[in-house]
Amino acid sequence: MKVAIVGLGYVGLPLCLQFAQSDTEVLGLDIDAAKVESLNAGRSYIRHIDPSAVAEVVRAGRFQASSDFRRVQEVEAVIICVPTPLSKNRDPDISYILETGRAIAPWLRKGCLVSLESTTYPGTTDEDLRGVLESGSKMKAGIDFHLAFSPEREDPANPDNKLVTIPKVIGGFSPACLERAKAVYGRAIKTLVPVSSCRVAEAAKLLENIFRSVNIALINELKVVYQAMGIDIWEVIQAAKTKPFGFMPFYPGPGLGGHCIPIDPFYLTWKAREYSQNTRFIELAGQINTAMPHYVISRSVEALNACRKAVNGSRVLILGLAYKPNVDDERSSPSYVLLDLFKERGAEVAYYDPFVPVIRPTREHPHWAGMRSIVWNRANLEVFDVVVIATNHQAVNYQELADWTNCIVDTRNAMAGLKIKPGQVWKA
Ligand SMILES: NC(=O)c1ccc[n+]([C@@H]2O[C@H](COP(=O)([O-])OP(=O)(O)OC[C@H]3O[C@@H](n4cnc5c(N)ncnc54)[C@H](O)[C@@H]3O)[C@@H](O)[C@H]2O)c1
(Lines give C-alpha, C1' and ligand atoms only; values in the text may rest on other atoms or scores of the structure.)
Protein backbone atom coordinates (compact mmCIF):
# COMPACT_ATOMS: atom_id res chain seq x y z
CA MET A 1 0.00 0.00 0.00
CA LYS A 2 1.11 3.55 -0.65
CA VAL A 3 -0.22 6.54 1.32
CA ALA A 4 0.35 10.27 0.95
CA ILE A 5 0.63 12.42 4.04
CA VAL A 6 0.08 16.14 3.43
CA GLY A 7 1.69 18.61 5.86
CA LEU A 8 5.02 17.37 7.20
CA GLY A 9 5.04 19.18 10.55
CA TYR A 10 4.79 18.08 14.16
CA VAL A 11 1.86 15.79 13.32
CA GLY A 12 2.54 14.70 9.74
CA LEU A 13 6.20 13.76 10.02
CA PRO A 14 5.86 11.27 12.92
CA LEU A 15 2.89 9.74 11.10
CA CYS A 16 5.00 9.32 7.93
CA LEU A 17 7.62 7.48 9.96
CA GLN A 18 5.02 5.31 11.67
CA PHE A 19 3.49 4.19 8.36
CA ALA A 20 6.88 3.77 6.67
CA GLN A 21 8.09 1.63 9.57
CA SER A 22 4.90 -0.46 9.22
CA ASP A 23 5.67 -1.74 5.76
CA THR A 24 3.78 1.00 3.91
CA GLU A 25 5.20 3.19 1.19
CA VAL A 26 4.79 6.84 2.14
CA LEU A 27 4.76 9.95 -0.02
CA GLY A 28 5.12 13.06 2.15
CA LEU A 29 3.67 16.21 0.56
CA ASP A 30 4.40 19.74 1.73
CA ILE A 31 4.42 23.17 0.11
CA ASP A 32 7.61 24.02 2.01
CA ALA A 33 10.43 23.11 -0.38
CA ALA A 34 13.07 23.38 2.36
CA LYS A 35 11.31 20.70 4.42
CA VAL A 36 10.99 18.44 1.39
CA GLU A 37 14.67 18.79 0.58
CA SER A 38 15.75 18.22 4.14
CA LEU A 39 13.67 15.03 4.51
CA ASN A 40 14.85 13.56 1.22
CA ALA A 41 18.41 14.14 2.42
CA GLY A 42 17.52 12.11 5.54
CA ARG A 43 17.46 15.08 7.93
CA SER A 44 14.84 15.96 10.56
CA TYR A 45 13.97 19.59 11.39
CA ILE A 46 12.05 18.68 14.56
CA ARG A 47 14.31 18.21 17.57
CA HIS A 48 12.55 15.24 19.11
CA ILE A 49 12.38 13.35 15.80
CA ASP A 50 15.47 11.26 15.32
CA PRO A 51 17.15 12.08 11.97
CA SER A 52 18.44 8.51 11.72
CA ALA A 53 14.81 7.28 11.64
CA VAL A 54 14.15 9.59 8.67
CA ALA A 55 17.37 8.55 6.93
CA GLU A 56 16.56 4.87 7.40
CA VAL A 57 13.11 4.96 5.76
CA VAL A 58 14.42 7.16 2.93
CA ARG A 59 17.28 4.71 2.31
CA ALA A 60 14.89 1.74 2.41
CA GLY A 61 12.80 3.44 -0.30
CA ARG A 62 9.72 3.55 1.95
CA PHE A 63 9.57 7.32 2.31
CA GLN A 64 9.95 10.17 -0.11
CA ALA A 65 8.95 13.81 0.24
CA SER A 66 7.66 16.01 -2.57
CA SER A 67 5.82 19.23 -3.38
CA ASP A 68 4.21 17.75 -6.47
CA PHE A 69 0.54 17.15 -5.66
CA ARG A 70 -0.04 15.38 -8.97
CA ARG A 71 1.64 12.40 -7.36
CA VAL A 72 -1.55 11.82 -5.35
CA GLN A 73 -2.53 9.60 -8.30
CA GLU A 74 0.09 7.09 -7.03
CA VAL A 75 -1.58 6.49 -3.66
CA GLU A 76 -4.48 4.61 -2.11
CA ALA A 77 -4.93 7.01 0.82
CA VAL A 78 -4.27 10.68 1.55
CA ILE A 79 -3.93 11.84 5.15
CA ILE A 80 -4.13 15.60 5.73
CA CYS A 81 -2.19 17.16 8.64
CA VAL A 82 -2.07 20.87 7.76
CA PRO A 83 -2.37 23.77 10.22
CA THR A 84 -5.69 25.04 11.58
CA PRO A 85 -4.93 28.43 13.14
CA LEU A 86 -7.27 31.21 14.24
CA SER A 87 -7.71 34.38 12.21
CA LYS A 88 -6.92 37.82 13.68
CA ASN A 89 -10.50 37.98 14.97
CA ARG A 90 -10.18 34.53 16.53
CA ASP A 91 -12.32 32.81 13.95
CA PRO A 92 -11.31 29.38 12.55
CA ASP A 93 -9.01 29.56 9.54
CA ILE A 94 -9.56 26.32 7.62
CA SER A 95 -8.01 27.74 4.44
CA TYR A 96 -5.05 25.32 4.67
CA ILE A 97 -7.46 22.35 4.68
CA LEU A 98 -9.44 23.73 1.75
CA GLU A 99 -6.29 24.55 -0.22
CA THR A 100 -5.08 21.00 0.30
CA GLY A 101 -8.47 19.67 -0.76
CA ARG A 102 -8.27 21.70 -3.98
CA ALA A 103 -4.70 20.58 -4.66
CA ILE A 104 -5.38 16.85 -4.26
CA ALA A 105 -8.92 16.60 -5.71
CA PRO A 106 -7.99 16.46 -9.44
CA TRP A 107 -5.54 13.63 -8.79
CA LEU A 108 -7.61 11.39 -6.52
CA ARG A 109 -7.92 7.80 -7.69
CA LYS A 110 -11.30 6.07 -7.53
CA GLY A 111 -11.63 4.27 -4.19
CA CYS A 112 -8.95 6.42 -2.55
CA LEU A 113 -9.34 7.29 1.14
CA VAL A 114 -9.02 10.93 2.22
CA SER A 115 -8.61 11.29 5.97
CA LEU A 116 -8.35 14.63 7.75
CA GLU A 117 -6.30 14.81 10.97
CA SER A 118 -6.13 18.57 11.57
CA THR A 119 -8.07 19.64 14.66
CA THR A 120 -11.24 21.46 13.63
CA TYR A 121 -14.95 22.03 14.31
CA PRO A 122 -17.59 19.35 13.67
CA GLY A 123 -18.73 19.51 10.07
CA THR A 124 -15.40 20.45 8.48
CA THR A 125 -14.87 17.01 6.96
CA ASP A 126 -18.35 16.17 5.73
CA GLU A 127 -19.28 19.74 4.67
CA ASP A 128 -16.28 21.92 3.83
CA LEU A 129 -13.64 19.39 2.81
CA ARG A 130 -16.15 17.12 1.09
CA GLY A 131 -17.37 20.11 -0.95
CA VAL A 132 -13.97 20.96 -2.42
CA LEU A 133 -13.02 17.31 -2.96
CA GLU A 134 -16.26 16.51 -4.80
CA SER A 135 -16.17 19.59 -7.01
CA GLY A 136 -12.46 19.20 -7.84
CA SER A 137 -12.59 15.46 -8.51
CA LYS A 138 -16.07 15.21 -10.06
CA MET A 139 -16.54 12.21 -7.78
CA LYS A 140 -18.86 11.57 -4.82
CA ALA A 141 -17.67 10.87 -1.28
CA GLY A 142 -18.91 7.53 0.02
CA ILE A 143 -19.48 6.32 -3.55
CA ASP A 144 -16.36 7.05 -5.60
CA PHE A 145 -13.88 7.83 -2.83
CA HIS A 146 -13.73 7.32 0.92
CA LEU A 147 -13.73 10.14 3.44
CA ALA A 148 -12.87 10.08 7.16
CA PHE A 149 -11.73 12.17 10.10
CA SER A 150 -9.17 10.81 12.52
CA PRO A 151 -7.70 13.28 15.01
CA GLU A 152 -4.05 13.24 15.85
CA ARG A 153 -3.09 12.65 19.48
CA GLU A 154 0.47 13.79 19.70
CA ASP A 155 2.34 14.46 22.94
CA PRO A 156 5.63 15.87 21.64
CA ALA A 157 8.77 14.73 23.45
CA ASN A 158 6.89 12.32 25.74
CA PRO A 159 8.83 9.06 25.36
CA ASP A 160 6.03 7.02 27.00
CA ASN A 161 3.52 7.93 24.33
CA LYS A 162 4.47 6.24 21.09
CA LEU A 163 2.20 6.92 18.13
CA VAL A 164 1.77 3.21 17.49
CA THR A 165 0.23 2.57 20.93
CA ILE A 166 -1.95 5.68 21.30
CA PRO A 167 -5.54 4.61 20.51
CA LYS A 168 -6.80 6.38 17.40
CA VAL A 169 -10.37 7.64 17.03
CA ILE A 170 -11.81 7.31 13.51
CA GLY A 171 -15.10 8.49 12.09
CA GLY A 172 -16.19 7.75 8.52
CA PHE A 173 -18.53 9.64 6.19
CA SER A 174 -20.30 6.30 5.61
CA PRO A 175 -19.92 2.80 7.12
CA ALA A 176 -17.84 1.78 4.09
CA CYS A 177 -15.60 4.85 4.54
CA LEU A 178 -15.05 3.84 8.17
CA GLU A 179 -14.12 0.28 7.17
CA ARG A 180 -11.63 1.60 4.62
CA ALA A 181 -10.11 4.01 7.14
CA LYS A 182 -9.78 1.20 9.69
CA ALA A 183 -7.98 -0.95 7.13
CA VAL A 184 -5.51 1.86 6.30
CA TYR A 185 -4.77 3.01 9.87
CA GLY A 186 -4.73 -0.58 11.14
CA ARG A 187 -1.44 -1.06 9.26
CA ALA A 188 0.35 1.42 11.49
CA ILE A 189 -1.68 1.88 14.70
CA LYS A 190 -2.45 -0.84 17.26
CA THR A 191 -5.78 0.29 18.73
CA LEU A 192 -8.48 1.91 16.64
CA VAL A 193 -11.57 3.51 18.17
CA PRO A 194 -14.28 3.64 15.53
CA VAL A 195 -17.09 6.15 16.05
CA SER A 196 -20.34 6.68 14.15
CA SER A 197 -19.41 9.78 12.11
CA CYS A 198 -16.71 12.29 11.18
CA ARG A 199 -18.49 14.81 13.41
CA VAL A 200 -18.25 12.63 16.51
CA ALA A 201 -14.52 12.19 15.87
CA GLU A 202 -14.08 15.96 15.36
CA ALA A 203 -16.07 16.66 18.54
CA ALA A 204 -14.07 14.10 20.54
CA LYS A 205 -10.79 15.84 19.69
CA LEU A 206 -12.23 19.19 20.73
CA LEU A 207 -13.47 17.71 24.01
CA GLU A 208 -9.95 16.47 24.77
CA ASN A 209 -8.42 19.91 24.21
CA ILE A 210 -11.22 21.88 25.90
CA PHE A 211 -10.85 19.58 28.92
CA ARG A 212 -7.20 20.60 29.20
CA SER A 213 -7.82 24.29 28.63
CA VAL A 214 -10.58 24.46 31.27
CA ASN A 215 -8.65 22.48 33.88
CA ILE A 216 -5.48 24.48 33.36
CA ALA A 217 -7.55 27.65 33.80
CA LEU A 218 -9.03 26.29 37.02
CA ILE A 219 -5.62 25.52 38.46
CA ASN A 220 -4.29 28.91 37.32
CA GLU A 221 -7.16 30.64 39.10
CA LEU A 222 -6.56 28.60 42.27
CA LYS A 223 -2.87 29.50 42.06
CA VAL A 224 -3.70 33.20 42.27
CA VAL A 225 -6.28 32.72 45.06
CA TYR A 226 -4.02 30.48 47.16
CA GLN A 227 -1.06 32.78 46.59
CA ALA A 228 -3.06 35.62 48.17
CA MET A 229 -3.74 33.30 51.12
CA GLY A 230 -0.08 32.38 51.48
CA ILE A 231 -0.69 28.79 50.31
CA ASP A 232 1.60 27.16 47.73
CA ILE A 233 -0.48 25.66 44.88
CA TRP A 234 2.28 23.19 44.03
CA GLU A 235 2.17 21.67 47.50
CA VAL A 236 -1.63 21.59 47.32
CA ILE A 237 -1.54 19.65 44.02
CA GLN A 238 1.02 17.20 45.40
CA ALA A 239 -1.31 16.49 48.30
CA ALA A 240 -4.52 16.31 46.23
CA LYS A 241 -3.07 13.96 43.65
CA THR A 242 -2.57 11.23 46.26
CA LYS A 243 -6.33 10.66 45.96
CA PRO A 244 -6.54 7.41 44.01
CA PHE A 245 -9.83 8.21 42.24
CA GLY A 246 -11.78 11.16 40.86
CA PHE A 247 -8.81 13.52 40.62
CA MET A 248 -6.29 14.26 37.91
CA PRO A 249 -3.47 16.76 38.42
CA PHE A 250 -3.11 19.84 36.20
CA TYR A 251 -0.34 22.35 36.77
CA PRO A 252 -0.29 26.15 36.66
CA GLY A 253 1.93 28.16 34.36
CA PRO A 254 2.49 31.52 32.66
CA GLY A 255 -0.38 30.97 30.19
CA LEU A 256 -1.26 28.60 27.38
CA GLY A 257 0.97 27.94 24.39
CA GLY A 258 1.42 25.68 21.40
CA HIS A 259 -0.64 25.05 18.32
CA CYS A 260 -3.57 23.31 20.05
CA ILE A 261 -4.86 24.19 23.51
CA PRO A 262 -5.03 28.02 23.12
CA ILE A 263 -6.63 27.71 19.68
CA ASP A 264 -8.82 24.64 19.19
CA PRO A 265 -11.52 25.38 21.80
CA PHE A 266 -12.44 28.55 19.87
CA TYR A 267 -13.20 26.44 16.80
CA LEU A 268 -16.15 25.10 18.75
CA THR A 269 -17.13 28.54 20.06
CA TRP A 270 -17.40 29.77 16.48
CA LYS A 271 -19.38 26.77 15.22
CA ALA A 272 -21.68 26.79 18.28
CA ARG A 273 -22.89 30.28 17.28
CA GLU A 274 -24.43 28.76 14.16
CA TYR A 275 -26.66 26.75 16.53
CA SER A 276 -27.33 29.75 18.87
CA GLN A 277 -25.23 28.11 21.58
CA ASN A 278 -22.71 29.72 23.93
CA THR A 279 -19.51 28.09 25.14
CA ARG A 280 -19.14 29.81 28.52
CA PHE A 281 -16.54 27.46 29.99
CA ILE A 282 -14.33 27.92 26.94
CA GLU A 283 -14.60 31.71 27.09
CA LEU A 284 -13.93 31.83 30.82
CA ALA A 285 -10.96 29.49 30.55
CA GLY A 286 -9.63 31.64 27.72
CA GLN A 287 -9.94 34.79 29.85
CA ILE A 288 -8.17 33.27 32.85
CA ASN A 289 -5.39 31.67 30.82
CA THR A 290 -4.70 34.79 28.76
CA ALA A 291 -4.54 36.85 31.97
CA MET A 292 -1.68 34.69 33.29
CA PRO A 293 1.22 36.57 31.65
CA HIS A 294 -0.15 39.75 33.29
CA TYR A 295 -0.14 37.97 36.65
CA VAL A 296 3.49 36.97 36.05
CA ILE A 297 4.32 40.60 35.31
CA SER A 298 2.64 41.76 38.53
CA ARG A 299 4.63 39.20 40.54
CA SER A 300 7.81 40.33 38.77
CA VAL A 301 7.01 43.94 39.70
CA GLU A 302 6.69 42.83 43.35
CA ALA A 303 9.96 40.90 43.14
CA LEU A 304 11.83 43.86 41.62
CA ASN A 305 10.24 46.23 44.09
CA ALA A 306 11.58 44.14 46.95
CA CYS A 307 15.07 44.81 45.47
CA ARG A 308 14.24 48.57 45.19
CA LYS A 309 14.09 48.36 41.41
CA ALA A 310 11.55 49.41 38.78
CA VAL A 311 10.66 47.34 35.71
CA ASN A 312 11.53 50.39 33.62
CA GLY A 313 15.24 50.11 32.90
CA SER A 314 15.62 46.65 34.48
CA ARG A 315 17.30 43.82 32.65
CA VAL A 316 14.90 40.88 32.37
CA LEU A 317 15.71 37.36 31.21
CA ILE A 318 12.89 35.07 30.07
CA LEU A 319 14.04 31.50 30.69
CA GLY A 320 12.39 29.15 28.19
CA LEU A 321 10.81 30.27 24.95
CA ALA A 322 9.21 26.93 24.00
CA TYR A 323 5.65 26.56 25.29
CA LYS A 324 6.43 23.34 27.17
CA PRO A 325 9.54 21.66 28.55
CA ASN A 326 12.05 19.78 26.42
CA VAL A 327 10.63 20.72 23.01
CA ASP A 328 11.71 23.32 20.45
CA ASP A 329 8.13 24.36 19.61
CA GLU A 330 7.60 28.00 20.56
CA ARG A 331 4.39 28.63 18.61
CA SER A 332 1.93 30.83 20.53
CA SER A 333 4.20 30.58 23.57
CA PRO A 334 3.29 32.86 26.48
CA SER A 335 7.00 33.73 26.62
CA TYR A 336 6.40 36.02 23.65
CA VAL A 337 3.65 37.81 25.58
CA LEU A 338 6.03 38.20 28.52
CA LEU A 339 8.71 39.65 26.23
CA ASP A 340 6.15 42.13 24.85
CA LEU A 341 4.76 43.14 28.25
CA PHE A 342 8.20 43.68 29.80
CA LYS A 343 9.36 45.65 26.78
CA GLU A 344 6.25 47.85 26.84
CA ARG A 345 7.12 48.66 30.46
CA GLY A 346 10.61 49.81 29.56
CA ALA A 347 12.59 46.71 30.50
CA GLU A 348 15.58 45.50 28.54
CA VAL A 349 14.63 41.93 27.60
CA ALA A 350 16.54 38.82 26.58
CA TYR A 351 15.78 35.12 26.55
CA TYR A 352 17.54 31.82 27.09
CA ASP A 353 16.35 28.58 25.51
CA PRO A 354 18.74 25.75 24.68
CA PHE A 355 16.32 24.50 21.98
CA VAL A 356 15.54 27.82 20.32
CA PRO A 357 18.91 29.43 19.53
CA VAL A 358 17.30 32.07 17.33
CA ILE A 359 13.70 33.24 16.86
CA ARG A 360 12.36 32.37 13.43
CA PRO A 361 9.95 34.71 11.66
CA THR A 362 6.37 34.03 12.77
CA ARG A 363 3.04 35.52 11.81
CA GLU A 364 2.13 36.32 15.42
CA HIS A 365 5.42 37.80 16.64
CA PRO A 366 7.34 39.09 13.60
CA HIS A 367 9.04 41.81 15.69
CA TRP A 368 11.03 39.22 17.68
CA ALA A 369 12.44 37.42 14.61
CA GLY A 370 16.22 37.22 14.60
CA MET A 371 16.64 37.63 18.37
CA ARG A 372 19.18 35.14 19.75
CA SER A 373 19.22 33.17 22.98
CA ILE A 374 21.91 34.33 25.39
CA VAL A 375 24.74 31.90 26.07
CA TRP A 376 24.49 30.18 29.47
CA ASN A 377 27.36 31.26 31.69
CA ARG A 378 27.86 33.15 34.92
CA ALA A 379 28.99 36.41 33.33
CA ASN A 380 25.95 36.52 31.04
CA LEU A 381 23.45 35.63 33.75
CA GLU A 382 24.54 37.77 36.66
CA VAL A 383 23.71 41.00 34.81
CA PHE A 384 19.94 40.36 34.96
CA ASP A 385 17.82 42.11 37.57
CA VAL A 386 15.19 39.39 37.33
CA VAL A 387 14.97 36.00 35.62
CA VAL A 388 11.48 34.73 34.81
CA ILE A 389 11.26 30.95 34.44
CA ALA A 390 8.56 30.50 31.83
CA THR A 391 9.45 26.94 30.75
CA ASN A 392 11.18 24.32 32.86
CA HIS A 393 13.45 22.54 30.37
CA GLN A 394 15.28 19.67 32.06
CA ALA A 395 18.52 20.62 30.33
CA VAL A 396 18.82 23.84 32.36
CA ASN A 397 21.00 23.88 35.48
CA TYR A 398 18.70 25.62 37.97
CA GLN A 399 21.23 25.44 40.80
CA GLU A 400 23.61 27.53 38.68
CA LEU A 401 20.74 29.95 38.13
CA ALA A 402 20.26 30.20 41.91
CA ASP A 403 24.01 30.67 42.41
CA TRP A 404 24.49 33.28 39.69
CA THR A 405 21.39 35.50 39.97
CA ASN A 406 19.56 37.29 42.78
CA CYS A 407 15.94 37.51 41.76
CA ILE A 408 13.96 34.67 40.16
CA VAL A 409 10.26 34.58 39.28
CA ASP A 410 9.31 30.92 38.93
CA THR A 411 6.09 30.01 37.09
CA ARG A 412 6.89 26.26 36.94
CA ASN A 413 8.17 25.35 40.39
CA ALA A 414 11.53 24.65 38.75
CA MET A 415 13.47 25.88 41.79
CA ALA A 416 11.80 23.44 44.22
CA GLY A 417 14.27 21.57 46.38
CA LEU A 418 17.32 23.67 45.39
CA LYS A 419 19.65 25.69 47.60
CA ILE A 420 18.26 29.23 47.37
CA LYS A 421 18.71 32.43 49.33
CA PRO A 422 15.81 33.83 51.40
CA GLY A 423 13.58 36.04 49.25
CA GLN A 424 15.35 35.00 46.05
CA VAL A 425 12.51 33.04 44.40
CA TRP A 426 9.02 34.40 43.73
CA LYS A 427 6.45 31.87 42.61
CA ALA A 428 4.08 33.20 39.98
N1 LIG B 1 1.46 19.78 17.24
C2 LIG B 1 0.70 18.98 17.95
O3 LIG B 1 1.11 18.50 19.01
C4 LIG B 1 -0.71 18.60 17.49
C5 LIG B 1 -1.40 17.60 18.17
C6 LIG B 1 -2.66 17.21 17.75
C7 LIG B 1 -3.24 17.85 16.66
N8 LIG B 1 -2.59 18.86 16.01
C9 LIG B 1 -3.24 19.44 14.86
O10 LIG B 1 -2.62 18.94 13.68
C11 LIG B 1 -2.61 19.94 12.65
C12 LIG B 1 -1.19 20.20 12.17
O13 LIG B 1 -0.42 20.69 13.25
P14 LIG B 1 1.16 20.65 13.26
O15 LIG B 1 1.56 20.96 14.67
O16 LIG B 1 1.67 19.41 12.63
O17 LIG B 1 1.47 21.89 12.29
P18 LIG B 1 2.90 22.28 11.60
O19 LIG B 1 2.84 23.72 11.35
O20 LIG B 1 4.01 21.69 12.39
O21 LIG B 1 2.86 21.49 10.23
C22 LIG B 1 2.01 21.79 9.19
C23 LIG B 1 2.73 21.54 7.88
O24 LIG B 1 1.79 21.72 6.84
C25 LIG B 1 2.45 22.37 5.76
N26 LIG B 1 1.43 23.02 4.93
C27 LIG B 1 0.76 24.17 5.13
N28 LIG B 1 -0.13 24.37 4.15
C29 LIG B 1 -0.02 23.34 3.31
C30 LIG B 1 -0.66 22.98 2.11
N31 LIG B 1 -1.63 23.75 1.57
N32 LIG B 1 -0.28 21.84 1.50
C33 LIG B 1 0.69 21.07 2.04
N34 LIG B 1 1.34 21.35 3.18
C35 LIG B 1 0.99 22.47 3.79
C36 LIG B 1 3.42 23.33 6.43
O37 LIG B 1 4.47 23.69 5.55
C38 LIG B 1 3.90 22.47 7.61
O39 LIG B 1 5.03 21.70 7.26
C40 LIG B 1 -3.30 21.15 13.28
O41 LIG B 1 -4.66 21.11 12.96
C42 LIG B 1 -3.13 20.93 14.75
O43 LIG B 1 -4.13 21.58 15.50
C44 LIG B 1 -1.31 19.22 16.39
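# A tour from helix α6 outward

Begin by selecting helix α6, residues 175–185, where C177, L178, A181, V184 and Y185 are buried; buried here means under 20% relative accessible area, exposed means over 50%, and partly exposed covers what lies in between, all with a 1.4 Å probe and protein chains only. Viewed around the axis of α6, these residues cover an arc of only 125°, which puts them on the same side of the helix, the arc being that of the directions from the helix axis to the C-beta atoms. An α-helix has 3.6 residues a turn, so residues three or four places apart point the same way.

Before going further, note that this is a predicted model, in which local features need pLDDT of at least 70 and side-chain atom pairs count only at pLDDT 80 or more, while totals for chains, interfaces and linings use all residues. Residues are numbered from 1 along each chain as its sequence is written, and side-chain values use heavy atoms, with hydrogens and water left out.

**The whole chain**

Now zoom out and colour by secondary structure: the protein has 13 helices and 13 strands. Its radius of gyration, 23 Å, is close to the 22 Å that the globule rule gives for 428 residues, so the protein is as compact as a globular protein of that length; the radius is taken over C-alpha atoms, and the rule is 2.2 Å times the number of residues to the power 0.38. The helices (H or I, at least four residues) and strands (E, at least two) are DSSP runs, numbered from the N terminus. Along the principal axes, the C-alpha atoms fill a box of roughly 70 × 50 × 40 Å.

Of the 428 residues, 53% count as buried. Switch to a surface view and about 19,200 Å² is exposed, with carbon and sulfur atoms supplying 54% of it; such areas come from the Shrake-Rupley method with a 1.4 Å probe. Among contacts (heavy atoms within 4.5 Å) between residues at least 6 apart in sequence, 67% join residues at least 24 apart.

**Helix α1: Q18**

Select Q18 next, which sits in helix α1, residues 12–20, and is buried, with a relative accessible area of 13%. Leaving aside its neighbours within four places in sequence, show L163, V164, A188 and I189, with which Q18 is in contact. For a sense of distance, add E152: the C-alpha atoms of Q18 and E152 are separated by 13 Å, although the two residues are 134 apart along the chain.

**Helix α2 and strand β3: K35 and S66**

Move to K35 in helix α2, residues 33–40, which at 25% relative accessibility counts as partly exposed. Not counting residues up to four places away in sequence, K35 touches L8, D30 and Y45. D30 also appears at the next stop, S66 in strand β3, residues 63–66, since the residues that S66 touches, with the same exclusion in sequence, are L27, G28, L29, D30, V36 and R71. S66 counts as buried, at 8% relative accessibility.

**Helix α5 and the loop after it: T125 and K138**

In helix α5, residues 124–137, select T125, which is buried, with a relative accessible area of 0%. Displaying L116, R130, L147, A148, F149, C198 and E202 shows the residues that T125 touches, not counting those up to four places away in sequence. Then step to K138, in the loop between α5 and β6 (146–149); K138 is exposed, with a relative accessible area of 72%, and its phi is near 60°, a positive value in a residue other than glycine.

**Helix α8 and the last loop: I233 and N413**

From S66, draw a line to I233, 167 residues away in sequence and 49 Å away in space, C-alpha to C-alpha. I233, W234 and I237 are buried in helix α8, residues 233–240. Seen down the axis of α8, its buried residues fall within an arc of 100°, so they line one face of the helix. To see what covers them, display elements that include α7 (198–228) and β13 (425–427).

Finish in the loop between β12 (408–410) and β13, where N413 is found; the phi of N413 is near 60°, again a positive value in a residue other than glycine.
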